[in-house]
Structures are given as C-alpha cells and as structure tokens.
Amino acid sequence: MQAWQVHENGEPSKVMRLAEVERPTPGDGQVLLRVRAANINFPDALLCRGQYQVRPPLPFTPGVEICGETEDGRRVIANPALPHGGFAEYALADSRALLPAPESLDDAQAAALHIGYQTGWFGLHRRARLEAGETLLVHAAAGGVGSAAVQLGKAAGATVIGVVGGPDKAAVARELGCDVVVDRRAEDVVAAVKEATGGRGVDVVYDPVGGEAYTQSAKLVAFEGRIVVVGFAGGTIPSPALNHALVKNYSIVGLHWGLYNTKNPALVQHCHEQLTELAARGAIRPLVSERVPLDGAAAAVQRVADGVTTGRVAVVLEKGAGA
C-alpha cells in the first residue's frame, strides 16, 4: 500500500515522503481500516516537527483523523493508532473507539467531524456551559477548529463574534454564520468587540490561538465570563495574570479533549450522538474547503501548518485503492 512516512522531524513539505509499504498488522484490540478520507489537523504538522505531546517512533505516518471502512463494509470515524496514521491507504485504530460515520455527511465531511467538533462541543458545553442568548467570541473563526466552534455556538443559540485574519477569511466567517466578524489585520480587535457588545464584553471566549489572542480575550471577557484555552496555534503560550482573573471575576478553563477518551469515553460517544443529530438536521456541516488526492497530502499539511487555509482540508482516497 502507499503511505506517507516521516523519517526525520521538520516541516511537513520537506520530511513527508510517499512510499510503498506493507499493510500494518492489527495488534490486540485494534482493527485495520481502509482509509476513505483523512482530515488534516494542525497536530499533524506538529507531529512532523516533533513538537506534539505524542512523539511516535520514526518512521511514522501522520494523520490523526479519518473516515474509514471496516472489513465488513461499515463506514466509521476513527483516530488512527500512531505510528500507522491516516495519510495512507490503510490505517490501524482502536476497535472500541470506532464511531459510525453520519449518513448525512460524505467521507471528507465525516472525517472532519470528529476532533474539531468534539473539541468544540466539550469546550462550549462541558467546560464553558454556554447558554442560549450569551455572546461567544471565536478566535481564528474561519479555520478548522474555529469554524466548528462557530457552528456549534450558533446551534446553541449564542450570538457569535468571529475574529479572523484577512478579507477572504472574513467572508468565510460570515458564511459560517458569525453575527459579527472582526478582521484583526484591519481593525483593533478589542475596540471592535467592545463596540459590538456595547462595552459589556463577551460571555465565552474560544481560543485555539494563544499569544496576543489570549491577551485580547482577557480584555474582552465579561463579568462571570469563561475563556476556554484550546491550543496555541499562534506559537506563543500565554502566562495569564491570575490577579486580573480575580479582580474581573472570570474563569480560565483548559480543554484537552483527548483525555476524555480515557477518563470518560462514554461522554465521547454521547457527544458524537449529539453531533450526528445536529448534522442530520443541517445545524452543523464541516466546511471542507479542499479535497486533495493522497499524493497531495504533504503540500496540504504544509498549507495548514502555514495558516493559509480556511475550514478543513481533506485527503480523499479512491475507493478500492491499494493492494
């Protein structure tokens, strides 16, 4: 079969190599899946760079989120078991963690439903307890993680303010349903959001960026507001001033979605059921901006790493590929 492999750490476009390799053999509790589509996530770039919290042995195949097919023909969503990731014709996964792919979504959309939407659902509903009528601020609202949070926020009845970088991404954020869009390259984010909220600020901030975005969040969060720390795609891990959180009376909550898979896997299943229902009635639909063939995976991962994409980029494999 064909698979992308990383033999040394570095930028995805330089270290990912497409090779002919043997199909992986399932271990105890694992299942072999034929990959139908693999969604590209920022952690795939971090894996290539050797900067992710998980460092699989070299060589490894990146790709942490797929829509695959079991031997008996079931279409499922899975997180591949590294080092046999999803940018390949076949991948391994934990047989107990397979989730049925929603019938309302195609392969690329189904592959993109899992990590970003699960993270958004847990962040907004489990950690921030977002309520209808509240105001939600989403940083990087046109990106893969942000676009999921925007859709979930709207589905929950919140007013959503999206922060983006550039006019193209602003247009995408509006299409996603943002009530207010702020272009951080052309506007003062703090001033624009304060104006949009009548000076009150926002109830919930969803921040996958960190750095300057977090600094803005602390200035914009309202009384009894919640800042959900999702990641640090901007490259800088902030150091919150806890005295500021005390004086202003807001909460800073972290979200590591992967922990739920071991700490409370029943909640992951419950979340998937909620997402499937939302997808079925059209309340959410993963924004797949690009569908690329397997041989285009490395360049696509690099584009995601460089922050020039909107929504999700999916690697789509032809049915029946691989021998």
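Helices (H or I, at least four residues) and strands (E, at least two) are taken here as DSSP runs, numbered from the N terminus. The model is predicted, so local features need pLDDT of at least 70 and side-chain atom pairs count only at pLDDT 80 or more, while totals for chains, interfaces and linings use all residues. Residues are numbered from 1 along each chain as its sequence is written, and side-chain values use heavy atoms, with hydrogens and water left out.

The loop between β3 and α2 is the starting point, and Asn41 is found in it. Asn41 has a relative accessible area of 3% and is therefore buried; the term buried means under 20% relative accessible area, exposed means over 50%, and partly exposed lies in between (1.4 Å probe, protein chains only). The side chain of Asn41 makes a polar contact of 2.9 Å with the side chain of Glu65. A polar contact is a pair of N or O atoms within 3.5 Å; within protein, one must be able to donate a hydrogen and the other to accept it, and residues adjacent in sequence count only if both atoms are side-chain atoms. The Asn41 side chain also reaches a backbone oxygen, that of Asn39, at 3.5 Å. With neighbours within four places in sequence left aside, Asn41 is in contact (heavy atoms within 4.5 Å) with Val64, Glu65, Ile115, Val304 and Arg312.

Strand β3 holds another polar side chain, Arg34. Arg34 is buried because its relative accessible area is 11%. The side chains of Arg34 and Glu69 are joined by a polar contact of 2.7 Å.

Helix α2 spans residues 42-49, and its buried residues are Asp44, Ala45, Leu46, Leu47 and Cys48. The cover over these residues includes β1 (2-6), α1 (12-15), β2 (16-20), β3 (30-39) and α12 (297-305). Just after α2 comes Gly50, with a positive phi of about 75°.

Helix α12 can be read alongside α2. Of the 9 residues of α12, 7 are buried, and the helix is mostly covered. The buried ones are Ala297, Ala298, Ala300, Val301, Gln302, Val304 and Ala305. Elements that cover them include β1, α1, β2 and α2, along with β14 (288-292) and β15 (312-316). Gly307, just after α12, takes a positive phi of about 75°.

The cysteines come next. A disulfide is a covalent bond between the sulfur atoms of two cysteines; the cut-off used here is a pair of cysteine sulfur atoms within 2.5 Å. The structure holds 0 disulfides. Cys271 is in no disulfide, and the nearest cysteine sulfur, that of Cys67, is 17 Å away. Cys271 has a relative accessible area of 0% and so is buried. Cys48 in α2 is buried, with a relative accessible area of 0%.

Strand β11 (residues 202-207) is mostly covered, with 6 of its 6 residues buried. Two strands pair if DSSP finds at least two bridges between them. Strand β8 (residues 135-139) runs parallel to β11 and is joined to β11 by 3 bridges; here Val138 has Tyr206 of β11 as its bridge partner. Strand β12 (residues 221-229) also runs parallel to β11, with 5 bridges between them, and Val202 has Val221 of β12 as its bridge partner. Together β11, helix α8 (residues 212-220) and β12 make a right-handed β-α-β unit. The crossover is called right-handed if, with the strands pointing away from the viewer, the path from the first strand over the helix to the second runs clockwise.

What aromatic pairs does a search of the whole structure find? There are 2 aromatic pairs. Rings of Phe, Tyr and Trp (its six-membered ring) pair if their centres lie within 6.5 Å; planes under 30 degrees apart count as stacked, over 60 as edge-to-face and the rest as tilted. The ring centres of Trp121 and Phe122 are 5.2 Å apart and the planes are at 80°, so this pair is edge-to-face. Phe122 and Tyr260 form a tilted pair, 4.2 Å centre to centre with 35° between the planes. This pair links distant parts of the chain, since Phe122 lies in helix α4 (residues 115-127) and Tyr260 in helix α10 (residues 260-263), 138 residues apart. Ring pairs thus link Trp121, Phe122 and Tyr260 into a cluster. Relative accessible areas are 11% for Trp121, which is buried, 0% for Phe122, also buried, and 16% for Tyr260, likewise buried.
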